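Here is a friendly walk through one protein model, from its overall layout down to a handful of residues. Have the sequence and the 3D view at hand as you read.

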Amino acid sequence: MALRHAVLAALLDEELSGYQLVKAFDLGVANFWHAQPQQVYAELTRLEKDGLIAGREVVQDTRPNKRLFKVTDAGLAELDDFTGTAAKPSFLRDDLVVKVQAADHVDTRTLIARLTERAAMAQAKVELFTKLLHTMRAGRTEEDFLRHGERIGPYLTCLRGLAFEQGNHDWCERAITVLREREDTRAGQ
């Protein structure tokens with residue numbers, strides 16, 4: 001997947017400025033596609049040049065003017081073509097996993113500290129996703145929303161983000177428990 005498709009998908013619901021898009025990326029799209037703000041801004045320029053989004057200038061009295069972007073028909077066609085292509089399998093590329101791979105040869109206390117940090121970050125994301133899902137449902141049950149909700153795509157991707165972060169949290173906690181138990185066993189010998 002190219003960044004262009006992630007940006008196009010993020011612009012489907014409403015016109016956004018570059019700043020708003022970066023914020024939307026942080027809350028939603030970053031769950032499945034990470035990009036630095038400067039990458040997002042550069043992609044907006046390319047997408048507009050390619051006719052896949054249209055930008056318009058909004059004059060503001062008390063702040064600098066801003067540009068708002070929306071997906072064009074050509075952009076929708078691009079997303080439709082992208083959706084029709086086979087998805088590449090995902091893969092795990094995580095420096096913490098490499099550190100755990102070396103668990104038998106490194107300082108266990110340091111490794112447990114890194115796992116504890118990651119578990120806390122994952123838990124914070126779990127809480128964020130849970131709140132976002134609740135907000136998206138707007139008082140409806142999940143089953144009702146999944147059957148009758150207006151925009152199901154963002155909800156489903158948020159569910160995937162929740163499962164991913166819950167999995168990260170659970171794995172970190174399990175690894176911490178195993179490492180501590182092994183440390184205690186060695187200390188008791």
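## Layout of the chain

Starting at the N terminus, the elements of the protein follow the order α-β-α-α-β-β-α-α-α-α-α. That gives 8 helices and 3 strands. Both kinds of element are DSSP runs numbered from the N terminus, where helices (H or I) need at least four residues and strands (E) at least two.

A word on the ground rules: this is a predicted model, in which local features need pLDDT of at least 70 and side-chain atom pairs count only at pLDDT 80 or more, while totals for chains, interfaces and linings use all residues. Residues are numbered from 1 along each chain as its sequence is written, and side-chain values use heavy atoms, with hydrogens and water left out.

## Overall dimensions and surface

How does the radius of gyration of the protein stand against that of a compact globule of 189 residues? The protein has 21 Å, whereas such a globule would be near 16 Å. The radius is taken over C-alpha atoms, and the globule rule is 2.2 Å times the number of residues to the power 0.38. Along the principal axes, the C-alpha atoms fill a box of roughly 70 × 45 × 40 Å.

The protein has an accessible surface of about 12600 Å², and carbon and sulfur atoms hold 54% of that. These areas come from the Shrake-Rupley method with a 1.4 Å probe, and for residues only the protein chains shown count as cover. Of the 189 residues, 30% are buried; here buried means under 20% relative accessible area, exposed means over 50%, and partly exposed lies in between (1.4 Å probe, protein chains only).

Among contacts in the protein with a separation of 6 or more, 56% link residues 24 or more positions apart. A contact means heavy atoms within 4.5 Å. As for charge, there are 26 positive and 29 negative ones, and their mean positions are 3 Å apart. Lys and Arg count as positive and Asp and Glu as negative, with His and the chain ends not counted; each charge is placed at NZ of Lys, CZ of Arg, CG of Asp or CD of Glu.

## Two nonpolar cores

The largest nonpolar core has 19 residues, and those touching the most other members are Val7, Leu8, Leu11, Leu21, Phe25, Leu44 and Ile53. Two or more residues of this core come from each of helix H1 (3-10), helix H2 (18-27), helix H3 (37-49) and strand E3 (66-71). H1 gives the most, with 5 residues. A second, separate core holds 10 residues, including Leu115, Ala119, Cys172 and Ala175. A core of this kind is a set of buried Ala, Val, Leu, Ile, Met, Phe, Trp, Tyr and Cys residues joined through side-chain atoms within 4.5 Å.

## Helix H1 and its surroundings

H1 is mostly covered, with 7 of its 8 residues buried: Leu3, Arg4, His5, Ala6, Val7, Leu8 and Ala10. Leu8, in helix H1, is buried with a relative accessible area of 0%. Leaving aside residues up to four places away in sequence, Leu8 touches Leu47, Leu52, Ile53, Val71, Gly75, Glu78 and Leu79. Leu8 and Lys70 are 62 residues apart in sequence, with 8.4 Å between their C-alpha atoms.

Ala10 offers a link to H2. Its C-alpha atom is 7.3 Å from that of Ala24, which sits 14 residues away along the chain. Ala24 lies in helix H2 and is partly exposed, at 29% relative accessible area.

## Around helix H6

Ahead of H6, Asp107 sits in the loop between helix H5 (95-101) and H6. Asp107 is partly exposed, at 35% relative accessible area, and its C-alpha atom is 16 Å from that of Cys172, 65 residues apart along the chain. Within helix H6 is Gln123, partly exposed at 25%. The C-alpha atoms of Gln123 and Gln166 are 7.1 Å apart, with their positions 43 residues apart along the chain.

Where is Ala138 placed? This residue is in the loop between helix H6 (108-137) and helix H7 (142-148), exposed with a relative accessible area of 64%. Its phi is near 50°, a positive value in a residue other than glycine. Most residues other than glycine have a negative phi.
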